[in-house]
Amino acid sequence: MENSLKNYWGKQFIETKNLATQEVINPATEEVIAHVPLSTNDEVNLAVKTAKEAFTSWKNTPTIDRIQPLFELKAKLEQNAHEISKIIVAENGKTMKEAQGDLLRGIQMVEVATSMPTLIMGDCQNQIAKGIDSNFYHRSLGVFAGITPFNFPAMVPFWFWPFAVASGNSYILKPSERVPLTSQYIFELIDQCDFPKGVINMVHGGKDVVESLCQHPDIAGVNFVGSTPVAKLVYDMAHKGYKRVQALGGAKNYMVITADADFNQSVKAMVDSCYGCAGERCLAGSVLVAVGDQAYTKLKERVLEEIGKVKVGNGIDPNTTLGPVISSQAKERIIQDIQKAVDEGATLLIDGRKNIQQDKGYFLNPTVIENVTMGMEFAHKEIFGPVIGLMKVDSLDEAIKNINSLEYANTTSLFTNNGSTMQKFVNEIDPSMVGINLGVPAPMAFFSFGGSKASFFGDIKAHGPSSVEFFTQRQSIMTRWYSAGKEEIINPQWGK
Ligand code: NAD
């Protein structure tokens, strides 16, 4: 299968002028499945011009009309769910079930964005002073751009653009150049819906396109999801141009278990969190922390039991539970991270670098290392692969101190049966997405999403109700009608 990809603006698929392309590789087979165009600055300019023109009438289109194409799209996404999931498996390496989950979460964003007529309501009060009423509207801002990562090809773009468009903005998506086929297919469905010309657009490419978008004077704001070093670059670039920006970065997620927890269910959830999507989730567990000797012994025993159930293979095989990582470079990096942990004193319980059955593809077996301590690089670095580190601490306070010492603060989970332990954890922990007896605590589309510290740069979190604040500004209108009476000084004694 070979595929040549096109940009999309003004309701047209457009071939890039640039001859430079990048290979898109199936990580399970190493087959080249497409060539993604690396678009130019001129092409970004054309897309922005089209989006800006569309904004002029889109911003004044009634919200109830703006959401109608989203209903059409939701139906098309559902009708094509199997085909889209297969594309995700082929370009990202997820299992079919994980790919379906990726798409389902995306569809839920579209569903929630259709509630924009309610979400976007302003507020009002009459008689703020005699004869004067006040109200505010959420007014759209212009053209927004989205830059997305490889690990959720369907879901992450939907975190942003349906909310942006429903709230009256136009949008340009730059999908990850490593997984552009999912977006390409979804844009073919978008093209069949009744979005006006220029409201939703896509420009393929890499770093150059990102820089052009972040520096373009007609871009009002930028949504970014990816690694922390790039999140910082994007945040700085966009801010320099006085744009709105939210940049979601990397993660290092700890999961804590206390002796009173339900070990049967908890450890299954913990292991699923670490190995699901090959560990390539920003909410993936990485270090499992047991409070006390008894909890540690039970945790280790149950983790090793659960590993026995993992089936490594191509995600298209329904029996597979652990697919490949995204690239040969990612595989090599993870192998080196495991070695570094061992060199720094951690002990390998299961070495996932060994006994890999497949001769092609970027596969790793699950790895488990123990005796992880805070002095090791492994304790701090995002691994983004199927590797579990086990750590023992003496108290919940020590677990909280370790977690709060990390640079990242995306998510953390606690497994316990004790309510006051849970309350203490929630009150004292830095990460802003917290799971209690849950391995992947992802806020649903109707809540807002985002970590803190080096996992999030910006002020307003993604999707759900926060998206209205991000994609609009509040416009306040104070109205006086002379017929309603004479204005009085609010505090009468000041006038005496
Ligand atoms: P990445 O940072 O390599 O790429 C993300 C996007 O940035 C891509 O579209 C890419 O084209 C662009 N990009 C890459 N290098 C660039 C550069 N030097 N200058 C400008 N643009 C550049 O991230 P990735 O490897 O695709 O995704 C994995 C990372 O994303 C992990 O760190 C993961 O934790 C993070 N992530 C975070 C969240 C979250 O919610 N916090 C969600 C998903 C993924």
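**Reading helix H3 and its surroundings**

Modeller: Let's start with helix H3 in this predicted model. H3 has 12 residues and spans 17 Å from its first C-alpha to its last, close to the 16 Å expected at 1.5 Å a residue.

Biologist: Which residues in H3 are buried?

Modeller: A residue counts as buried when its relative accessible area is under 20%. In H3, Pro69, Leu70, Leu73, Lys76 and Leu77 are buried. They cover an arc of only 120° around the axis, so they sit on the same side of H3.

Biologist: What do the buried residues of H3 pack against?

Modeller: Their partners are helices H2 (63-66), H4, H5 (96-113), H7 (155-158), H8 (161-166) and H9 (180-191).

Biologist: Where does asparagine 80 lie?

Modeller: Asparagine 80 is in the loop between H3 (68-79) and H4 (81-92).

Biologist: Is asparagine 80 buried or exposed?

Modeller: Use the cut-off again: buried means under 20%. Asparagine 80 has a relative accessible area of 18%, so this residue is buried. A polar atom of its side chain lies 2.8 Å from the backbone oxygen of lysine 76. Leaving out residues up to four places away in sequence, asparagine 80 touches Tyr185 and Leu189.

Biologist: Now for pockets. How much space lies in the second largest pocket?

Modeller: The second largest pocket holds about 320 Å³ of space. It is lined by 15 residues, and the closest to its centre are Lys59, Ile120, Tyr137, His138 and Arg139.

Biologist: Which element gives the most to that lining?

Modeller: Strand S6 does, with four residues. H2, S6 (132-140) and strand S22 (472-480) each supply at least two residues of the lining.

Definitions and conventions. Residues are numbered from 1 along each chain as its sequence is written. This is a predicted model: local features need pLDDT of at least 70, side-chain atom pairs count only at pLDDT 80 or more; totals for chains, interfaces and linings use all residues. Side-chain values use heavy atoms; hydrogens and water are left out. Buried means under 20% relative accessible area, exposed over 50%, partly exposed in between (1.4 Å probe, protein chains only). A polar contact is a pair of N or O atoms within 3.5 Å; within protein, one must be able to donate a hydrogen and the other to accept it, and residues adjacent in sequence count only if both atoms are side-chain atoms. Contact means heavy atoms within 4.5 Å. The expected span of a helix is 1.5 Å times one less than its number of residues. The arc is that of the directions from the helix axis to the C-beta atoms. On a 1 Å grid over the protein atoms alone, a cavity is a set of points where a 1.4 Å probe fits but cannot get out, and a pocket is an open set with protein on both sides within 12 Å along at least five of seven lines; lining residues have an atom within 4 Å of a point. Grid points are joined across faces, edges and corners, and a volume is the space filled by probe spheres set on the points.
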